[in-house]
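Q: I would like a close look at one part of this model. Please start from the chain's layout and then follow the strands, loops and ligand sites.

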Amino acid sequence: MSTALDIVSPSWLEAHRDAESVVVVDVREERDYEELGHLPGAVNVPADRFRDPSSVVDGKLPTADDFAALLSAAGIERDDTVVAYGDDGGALAARFLLTALVYGHEGRLSLLDGGLEAWRDGEDGSLSTDRPSSDPTPYEAKLRADAPIADRETVEAAVEGDAVVVDTRTAAEYEQSRVPGAVHLDWEDLLEEGRLRNEATLEELLAEHGLTPDERIVLYCNTARRLSHTFVALRHLGYEDVSFYEGSLTDWVRAEAPEWDPVELQAQVRHYADNGGFEAMVDDLGEDVLGRLKLIGLYHQKQRGYFMLRTRSPGGILTAEQARTIGEVADEFARAPEEYGGPDQNPVFGDGYLDVTTRQDVQMHWIEIADVAEIWDRYDAVGLSTMQACGNSVRNVVGCPADGLDPAETVDIQPVVERVSQRFLGDRHYANLPRKFKVSVTGCHEDCARSSIQDLGLTPARKDGRDGFVARVGGGLSDGPRVASDIDLFVEPDRVDDLVAAMADLFADHGSYLDTAVNRLRFLVAEFGPEAFREELESYADFAFEEPDETLTTDYRGDHVGVHEQADGRSYAGLNVPTGRMGGDEFAALAALSDELGGGELRLTPNQNVLVPHLTDDGLERLLEDPLLERYSPDPGPFTRGIVTCTGREFCNYGIIETKNRAIRWARELDDWAEAAGIADDHEAIRIHMSGCSASCAQPQLGDFGLRGEVYRDDYDSGRAADLGLGGDLGNDEFIDWLVGKIPIDDVPGVVKATMLAYDADSEPGESFTEWTRRTSNADLREIVTDGPARDPPAIETEVR
Amino acid sequence: MSGTHEPGVPQRGVKGVGSDPREQDRDVAEAPGKIWFRDLDEAVIEADRCIQCASCVAACPSDSIGIDEDEGRPTLVKMCTGCSRCWDFCPRSGLRYERHLELAREERALEEPATYAARADGEAAAAGQDGGVVTALLAELIEVGELDGAIVAREREDEPLRGEAFLATSREDLLAAGGSIYTQTMGLGRIEALLAEGDLGSDDPELALVGTPCMIQGATALDRYDHDPADPIALTVALMCTRSFEHGRLLSRLESFDVDPAAVETLDIGEGRLRAVDETGETLLEADVDAFDAAGLRGCDECADFVGDAADISVGNVGSDDGYTTAIVRTETGEAAWTRAATALETTAIDRPTALETLADWNRRRAESILPREFDPEASVGITYDAHREAYDGTDREPEPLNPARVHQYEEWC
Ligand SMILES: Cc1cc2nc3c(=O)[nH]c(=O)nc-3n(C[C@H](O)[C@H](O)[C@H](O)COP(=O)(O)OP(=O)(O)OC[C@H]3O[C@@H](n4cnc5c(N)ncnc54)[C@H](O)[C@@H]3O)c2cc1C
Ligand code: SF4
Ligand code: SF4
Ligand code: SF4
């Protein structure tokens with residue numbers, strides 16, 4: 001490669017910048033270039049034109065044509081000497097030069113040492129805000145055959161000893177994850193006060209890291225920005241054989257690492273059940289195995305050595321036998337040890353209980369490694385699995401719980417749910433997506449599987465007389481809630497699994513594996529825009545996309561509580577399970593009842609409730625008389641019916657407030673109050689959704705009242721609190737807005753009462769709670785909310801401004 | 001309108017200064033006053049105002065904040081739940097430290113805090129920076145069983161002049177850790193880990209925490225609200241301080257005077273001079289401490305708490321003769337400790353030295369002139385995000401966009 005790549009000082013630039021063939025390029029944002037000023041005569045090629053660092057789609061090289069267009073517009077010729085600078089230590093300017101190098105620029109490429117700041121400290125130091133006029137040039141860019149780009153194979157070979165792999169990120173990042181065998185050299189270590197260190201120091205530093213000019217060197221970072229600076233510096237120092245791994249760690253991580261194979265992992269963990277349990281497992285496999293165990297349904301609790309076990313039930317359907325097994329396992333194994341309270345661990349539920357979740361899974365706590373082999377054996381015998389109930393994989397597929405029961409059903413979803421589940425279960429390729437991937441399928445016309453908050457939500461639709469689904473994509477609640485976008489895509493039932501696979505592939509290719517904060521699928525959808533996303537998705541699918549003629553969703557159904565008639569004339573009973581928690585023995589008893597009186601089946605709903613289907617009239621009558629239905633009623637009070645919570649502080653590392661017991665207490669108290677206040681009969685359900693922290697496990701954005709745990713503090717006191725929002729309604733794609741922060745937790749029931757009374761007094765006939773909250777101004781709502789509780793003195797955090 | 005987080009009108013979209021892709025497409029307005037680690041990061045850490053007191057690390061209820069090994073600064077290591085506690089206890093953002101000091105005085109200080117010129121003898125005097133008072137005091141308290149240990153500082157083996165937090169449980173440990181280290185240790189954020197490694201044989205250990213005044217501010221503030229991380233702290237000792245240094249810059253400053261940092265055995269700062277001494281006691285450098293201004297933590301400019309007003313006991317050299325430590329015993333806890341250890345020390349009650357008052361005054365005036373917000377010991381303890389932005393935006397201490405590469409967030413449960 002002949003092109004010179006080096007670093008020049010401000011004084012060099014001062015002396016040479018007037019030369020005809022020298023072009024100075026400023027890579028800062030356009031606004032900075034224009035308003036703060038730039039080197040006189042410098043042209044502006046902002047970094048976001050040749051890469052996009054905020055993008056969740058990785059910052060890859062621009063296309064040759066795009067790059068040529070940029071340089072042409074900037075008036076640059078192929079044989080010009082280009083001097084680039086920025087204000088970020090030089091990484092982006094170096095990136096620009098590297099891009100030019102790769103695309104065959106012939107003139108000298110130089111980085112201004114110290115960037116803008118060094119220039120300003122220099123003798124001339126002048127800035128200008130004038131944009132130089134330049135005529136477009138006929139710039140042509142073409143990827144050079146010998147471009148110093150390393151692909152994964154090169155890096156793999158390097159790892160085997162073929163070359164030195166260098167991680168140019170910070171030590172903290174290097175500690176967290178790295179390409180095996182990589183040496184660490186923070187790109188900023190080459191700098192001192194923003195300037196390149198002197199050559200002697202650099203040579204010593206590089207030699208210490210085993211980097212000598214005769215070595216082959218491969219550089220990487222996260223997004224191919226920082227490595228660019230090191231690249232230019234090395235070339236400046238006369239290192240010839242330097243290449244860079246454009247895919248960087250992102251690409252590397254995505255390689256299917258064997259330790260992420262769920263089947264393999266389950267076998268390993270089984271082994272420790274009889275061989276030393278938890279401690280032996282952690283000793284042998286390292287602490288970081290705890291993170292990977294999620295893949296097989298085990299979440300380490302905040303109490304060391306104990307796990308939450310999540311069992312998946314695709315579409316929420318369990319046979320009586322499966323349900324009985326789950327109940328028995330919970331009763332037997334989900335027991336707290338003495339030091340954590342033993343049989344009295346929980347004042348409301350005692351011990352040996354389980355939780356039904358909003359994804360139709362079942363969770364139980366206090367599971368030990370020593371027990372898992374036994375549990376998995378029992379599960380295997382009845383066809384249950386904990387595999388991939390968690391982790392970054394295709395999660396339990398949510399399905400409409402009244403599938404096959406509802407008289408108005410359009411498509412039978414059970415086979416679809418089954419096929420999707422089977423296809424991805426234990427599949428190593430799909431077990432390690434950038435993030436979790438949530439799918440739901442609805443067969444009725446009431447969207448009861450909540451398509452708007454899924455990564456992929458399917459609801460019934462029709463095309464040319466064929467039944468199928470219409471797809472919505474990119475919805476979700478946690479960090480930056482978003483309502484899914486309709487992409488006007490019709491899919492036939494037996495194509496659904498192909499669609500899921502296409503979407504998972506797209507996700508794996510474009511999603512960021514490193515910045516886990518921004519890599520849910522919805523950021524991709526937001527970034528592409530729904531239409532471009534649809535196009536991109538089609539390129540991954542092995543079938544042609546069609547648009548639906550008509551979509552069949554007419555309504556939105558909150559829950560299935562109560563007794564309902566089935567299409568075949570029998571009935572199903574929707575039992576309310578407040579906060580989703582039930583004794584394991586009770587769950588097993590309910591399974592026995594369904595065997596005896598119904599069709600030998602239980603269904604779990606996304607509201608954490610349970611359905612007993614296929615009841616004859618006689619069966620129904622006997623079921624309703626069972627004492628179990630006193631607690632798990634088909635006709636609960638409105639608050640009991642509407643309450644949803646996550647795990648909360650009891651078991652969750654993050655939980656700030658305790659949720660389940662509190663919710664049960666509140667629901668009882670509020671139902672009694674509603675009865676006394678005479679408003680109980682006006683409401684089927686009043687939905688309080690309470691999350692222990694700001695993660696969205698209890699889906700607070702969907703509640704009539706959304707709550708999430710917080711703390712408050714004033715000059716003298718601090719305590720647990722909750723943020724409150726009002727009026728979520730999935731039926732209208734409405735999420736709550738967070739209205740008031742930090743209400744002391746014990747004041748919340750008072751706030752709920754005051755709000756319900758205000759609604760009662762103020763609403764118009766037929767106006768729903770959500771409609772009322774939307775009509776009433778936030779200022780008024782805040783007044784209602786904050787004036788409610790009588791407190792002396794009021795906590796400072798909740799005063800109205 | 002006073003207090004920490006009063007409700008305001010919820011805003012759609014972006015609150016912080018960086019462009020957080022998570023917020024590109026929000027369909028839900030954020031709660032007024034909601035504060036995440038990211039806000040702290042931008043307002044304090046990225047803005048280069050962090051004084052490495054580790055209050056935030058200790059305050060976070062989900063242990064989401066770790067310590068960046070390289071930079072010694074806080075960094076997010078797991079999901080942030082947005083509970084705002086790190087902000088609330090950070091003396092450079094949500095904690096109005098001057099108010100906290102005022103409250104500490106009202107609530108805990110003796111009517112008449114006592115001032116002493118003191119020194120230890122023998123080994124402790126030799127190991128200590130000045131009179132070896134801290135070393136001797138703590139050693140005595142550990143030996144009589146009043147304390148199980150003390151969180152102090154020692155020099156890291158791999159890096160000259162860089163301190164690390166250390167749990168001393170014996171006289172030998174304390175002798176080894178005697179003397180001042182002019183970089184921060186984040187000791188307050190390491191208590192739990194040090195206890196776990198240390199194995200004190202007690203479920204409910206009683207420790208002394210030694211540190212710069214800012215670290216003691218955080219520790220005592222956590223204690224005022226009964227937060228667990230402060231539970232093991234039974235005694236606080238503040239090292240009087242006008243500034244601490246950023247390690248890398250301290251080294252390059254020394255190098256610019258042709259001093260090899262590795263050869264420096266002790267640094268000493270007093271009466272406006274900085275002295276570097278080698279193993280043999282030979283002076284390698286004596287210079288005006290102002291020459292080291294650029295190596296100081298920028299956040300220290302905003303600090304008016306030279307004497308460490310929240311501590312049970314404060315120690316320094318100002319106002320005492322060479323070889324003596326000036327100690328202020330401020331609380332009943334401090335008094336009890338001082339009395340208990342009296343036999344180990346030679347102490348003379350003195351008036352508050354004028355030199356100390358002068359330095360403290362100067363320090364406060366400097367802070368008040370640099371602090372972009374108002375310095376107001378009567379205002380409420382909490383400072384809201386909005387109030388912070390109002391005061392700091394447009395100054396050279398305004399929040400800086402966060403570097404997304406530093407945020408590693410993941411959800412574990414759902
Ligand atoms: C950053 C800094 C700046 C200072 N500036 C001044 C000043 O301007 N004027 C003044 O009068 N005094 C100042 N001091 C205090 C002074 O240097 C002595 O620490 C004090 O006089 C006590 O001396 P001693 O001999 O009694 O303590 P010693 O017996 O030496 O004991 C000191 C104890 O403090 C611990 N320690 C030392 N450094 C740190 C640290 N960085 N963080 C946590 N623990 C530590 C040691 O491990 C030891 O246990 C400063 C101290 C520090 C750390
Ligand atoms: S969870 Fe931790 S990091 Fe997040 S706001 Fe609370 S204290 Fe700060
Ligand atoms: S100043 Fe202290 S509390 Fe604030 S960010 Fe830095 S270490 Fe944390
Ligand atoms: S000057 Fe203040 S802020 Fe800086 S280290 Fe000392 S006590 Fe902390």
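Which domains does the domain assignment of chain A give, and what are their bounds?

A: This is a predicted model. The assignment for chain A gives domain 1 (5-120), domain 2 (149-253) and domain 3 (258-382). It continues with domain 4 (403-551), domain 5 (562-635) and domain 6 (641-786). Between the C-alpha centres of domain 1 and domain 6 of chain A, the distance is 54 Å.

Take domain 2 of chain A, which spans 149-253. Strand S7 of chain A covers residues 164-167, and both of its faces are covered. On one side sit A:Val164 and A:Val166. On the other sit A:Val165 and A:Asp167. All four of these residues are buried. S7(A) runs parallel to strand S11 (residues 217-220) of chain A, and four bridges join the two. Within that pairing, A:Val166 is matched with A:Leu219 of S11(A). S7(A) also pairs with strand S8 (residues 183-184) of chain A. That pairing is parallel too, over two bridges. Here A:Asp167 has A:His184 as its bridge partner in S8(A). Strands of a sheet pair through backbone hydrogen bonds, in a parallel or an antiparallel sense.

Now move to domain 6 of chain A, at 641-786. Strand S32 of chain A covers residues 718-726. Eight of its nine residues are buried, so S32(A) is mostly covered. Strand S31 (residues 705-713) of chain A runs antiparallel to S32(A), with nine bridges between them. The link from S31(A) to S32(A) is a hairpin of four residues. A:Arg713 finds its bridge partner in A:Ser718 of S32(A). S32(A) has a further antiparallel pairing with strand S33 (residues 737-744) of chain A, built from five bridges. In this pairing A:Leu726 is matched with A:Asp737 of S33(A).

Domain 5 of chain A, at 562-635, has a backbone detail to check. A:Thr579 is not a glycine, yet its phi is positive, near 60°. The residue sits in the loop between strand S25 (571-575) and strand S26 (581-583) of chain A. A:Thr579 has 0% relative accessibility, so it counts as buried.

Chain B has a residue with a positive phi as well. B:Asp258 is no glycine, and its phi is about 65°. B:Asp258 lies in the loop between helix H10 (247-256) and S8 of chain B. With a relative accessible area of 74%, B:Asp258 is exposed.

That loop leads on to a sheet in chain B. Three strands form an open sheet in the order S8-S9-S10, paired antiparallel. Strand S8 (264-270) and strand S10 (283-288) of chain B stand at the edges. Each has a single partner strand, so one side of each lacks a neighbour in the sheet. On average, neighbouring strands of this sheet are turned by 15° against each other, direction ignored. S8(B) is joined to strand S9 (residues 273-278) of chain B by six antiparallel bridges. One bridge pair is B:Val264 with B:Asp278 of S9(B).

The ligand sites come next. Around ligand 3 there are 13 residues. B:Cys50, B:Cys53, B:Ala54, B:Cys56 and B:Cys90 come nearest. Helix H1 (37-45) and helix H2 (55-59) of chain B are the elements that give two or more residues to this shell. H1(B) supplies the largest share, three residues. By class, the shell around ligand 3 holds 11 nonpolar and two polar residues, and none that is charged.

Ligand 2 is also surrounded by 13 residues. The closest are B:Cys60, B:Cys80, B:Cys83, B:Ser84 and B:Cys86. The shell around ligand 2 has eight nonpolar residues, four polar and one charged. B:Cys80 is buried, with 12% relative accessible area.

The surroundings of ligand 4 include B:Cys214, B:Cys241, B:Cys300 and B:Cys303. Other residues around ligand 4 include B:Ile51, B:Arg92, B:Gln184 and B:Arg243. Six nonpolar, four polar and two charged residues make up the shell around ligand 4.

How many disulfides does a search of the whole structure find? The search finds zero over all chains. Back in chain A, A:Cys400 is buried, at 1% relative accessible area.

Methods: Residues are numbered from 1 along each chain as its sequence is written. Chains are lettered from A and ligands numbered from 1 in the order in which they are written. This is a predicted model: local features need pLDDT of at least 70, side-chain atom pairs count only at pLDDT 80 or more; totals for chains, interfaces and linings use all residues. Side-chain values use heavy atoms; hydrogens and water are left out. A disulfide is a pair of cysteine sulfur atoms within 2.5 Å. Buried means under 20% relative accessible area, exposed over 50%, partly exposed in between (1.4 Å probe, protein chains only). Two strands pair if DSSP finds at least two bridges between them. Axes are lines fitted to C-alpha atoms, for helices over the stretch in contact, and angles run from 0 to 180 degrees between N-to-C directions. A residue is near a molecule or strand if one of its heavy atoms lies within 4 Å of it. Ala, Val, Leu, Ile, Met, Phe, Trp, Tyr, Cys and Pro count as nonpolar, Asp, Glu, Lys and Arg as charged, and the others, Gly among them, as polar. Domain bounds come from an automatic or database domain assignment.
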